[in-house]
2 protein chains.
Amino acid sequence: MSAIRVLIAEDQAMILGALAALLAGEPDLAVCARAANGRAALLALTAERPDVLVTDIEMPEMTGLTLAAEARARFPATQVIILTTFARPGYLRRALEAGARGYLLKDRPAAELAEAVRRVHRGERVIDPELAAEAWASDPDPLTERERQILWRAGEGRSSAEIAAEVHLSEGTVRNYLSEAISKLGAANRIEAARIARQKGWL
Amino acid sequence: MSAIRVLIAEDQAMILGALAALLAGEPDLAVCARAANGRAALLALTAERPDVLVTDIEMPEMTGLTLAAEARARFPATQVIILTTFARPGYLRRALEAGARGYLLKDRPAAELAEAVRRVHRGERVIDPELAAEAWASDPDPLTERERQILWRAGEGRSSAEIAAEVHLSEGTVRNYLSEAISKLGAANRIEAARIARQKGWL
DNA sequence: ACTCGCCCGTGACACTTGTCATGCCGGCGC
DNA sequence: GCGCCGGCATGACAAGTGTCACGGGCGAGT
């Protein structure tokens, strides 16, 4: 009986190393690769085809949520666990929609990580129960994928023209999406809209 | 020759466990206790008198910085290492004033933690070199009080007119201050300026 | 086949924002 | 006294932003 092969994606190098050390202590688990961002994780997925992917959400290059969706689509044999600081219902909802099988908080005891890896590998779901209840009660993400993508860039300080170039759209269209997002969120401008969306976990 | 005894303080349980696992892999180090907040760390210090204390900054009950100062005053034999996410020069300065011997970022490779523990135990200082340079070289806060006051509000999403009303200035003047702040920070617009200022700890 | 939602685009308009030239005033050094 | 600089203010202009009306295409459901 061979060990469960795990890929860890986490942008803070020391935490990445520490998590790897944590799982290395379990005889039935093996950390087959590590990645410091979403893009590197995709490469590692292709090369290693691990049984389980454990990923943070907030990473450079590609967030853990889009990584989860990519992984789901291209490597369905790999189960995804989101491991994050943030107990935002919006994150959980999007994680589940992206096909994640587990959602774990960094607040939880260390032992739960190894246990979660085993359980998703058996095909079970592992969701923080407190968070699951809260997620059901909260209002759903009103933003479309495009709106989120564009609002995120606007929140970083990019201009409409810059965003248009980045996502290959016309500037007018970008302004339309922003206008739509602003009105959906009841904000007065793109800055406030980005702030609200971030706080609700929709970015 | 006995192992170096280490106390770890960190509020995120999983990270705490992972860091402990990381140090447990080093034969010359021993994690003698763990604490989930500053108050618990003080109790553990009293009970265990460890050689080295590794602590996060942002914790409930008592921050790592005040914990460092307390430890320095009451247990001078224990050397303190601050381990944090934030590369803010202001934090580093306060950490050193509190008597910390090490300041390490969670961004750094995992191997550096064990090495840092050994070095502070030998009486050396361990300061992230990048951060040390930045802390001394960085022009301390180019913003005037007015600029800060106004840029902060702009970062919250308020318009120039709203800000003008709040601080009893003309709208044109508000725009002038913002323009000045934007150029001082090398930003392209108020959003980016606010982001940069926040990141540098100037807001 | 039809509607509905999301996607993408255009053009026009009013408003906001960023920049610049210009000025007043009070403190500071010489 | 004099120049000089930093804080504060104004007005004017160009560029960027938010809104609206309107158009097209595509896929999912009824």
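Buried means under 20% relative accessible area, exposed over 50%, and partly exposed in between (1.4 Å probe, protein chains only). This is a predicted model, in which local features need pLDDT of at least 70 and side-chain atom pairs count only at pLDDT 80 or more, while totals for chains, interfaces and linings use all residues. Residues are numbered from 1 along each chain as its sequence is written, chains are lettered from A and ligands numbered from 1 in the order in which they are written, and side-chain values use heavy atoms, with hydrogens and water left out.

**Stop 1: strand 4 of chain A**

Select residues 79-84 of chain A, which form strand 4. Helices (H or I, at least four residues) and strands (E, at least two) are DSSP runs, numbered from the N terminus. Six of the six residues of strand 4 of chain A are buried, so the strand is largely enclosed by the rest of the structure. In a regular strand the side chains alternate between the two faces of the sheet. Here A:Q79, A:I81 and A:L83 are buried on one side, and A:V80, A:I82 and A:T84 are buried on the other.

Next, add strand 3 of chain A, residues 52-55. Strand 3 and strand 4 of chain A run parallel and are joined by four bridges; two strands pair if DSSP finds at least two bridges between them. Within this pairing, A:T55 stands opposite A:I82.

**Stop 2: A:L65**

From A:I82, move to A:L65, which is in contact with it; contact means heavy atoms within 4.5 Å. A:L65 belongs to helix 3 of chain A, residues 64-74, and is buried at 6% relative accessibility. Neighbours within four places in sequence aside, the other contacts of A:L65 are A:I57, A:Y91, A:R94, A:A95 and A:A98. For a distance check, choose A:A100: 35 residues separate A:L65 from A:A100 in sequence, and 8.5 Å separates them C-alpha to C-alpha.

**Stop 3: A:G17**

Select A:G17 in helix 1 of chain A, residues 13-24. Its relative accessible area is 5%, and A:G17 is therefore buried. Which residues beyond four places in sequence are in contact with A:G17? They are A:R34, B:L22 and B:A110. The C-alpha atom of A:A35, 18 residues away along the chain, lies 10 Å from that of A:G17.

**Stop 4: the interface of chain B and chain A**

Now display both chains. In contact across the interface are 29 residues of chain B and 30 residues of chain A. The chains bury about 2300 Å² between them, 65% of it on carbon and sulfur atoms; buried area is the accessible area (1.4 Å probe) that two parts lose on being put together, summed over both. On chain B, highlight B:Q12, B:M14 and B:I191, which lose the most area to chain A, together 29% of what that side buries.

For the one salt bridge across the interface, select B:E156 and A:R195, whose side chains meet at 4.0 Å, N to O. A salt bridge is a side-chain nitrogen of Lys or Arg within 4 Å of a carboxyl oxygen of Asp or Glu. Colour helix 1 of chain B next: eight residues, the largest share of the side of chain B that touches chain A, come from this helix.

**Stop 5: B:R118**

Finish at B:R118 in helix 5 of chain B, residues 111-121. B:R118 is buried at 17% relative accessibility. Beyond four places in sequence, B:R118 is in contact with B:I4, B:E26, B:D28 and B:L29.
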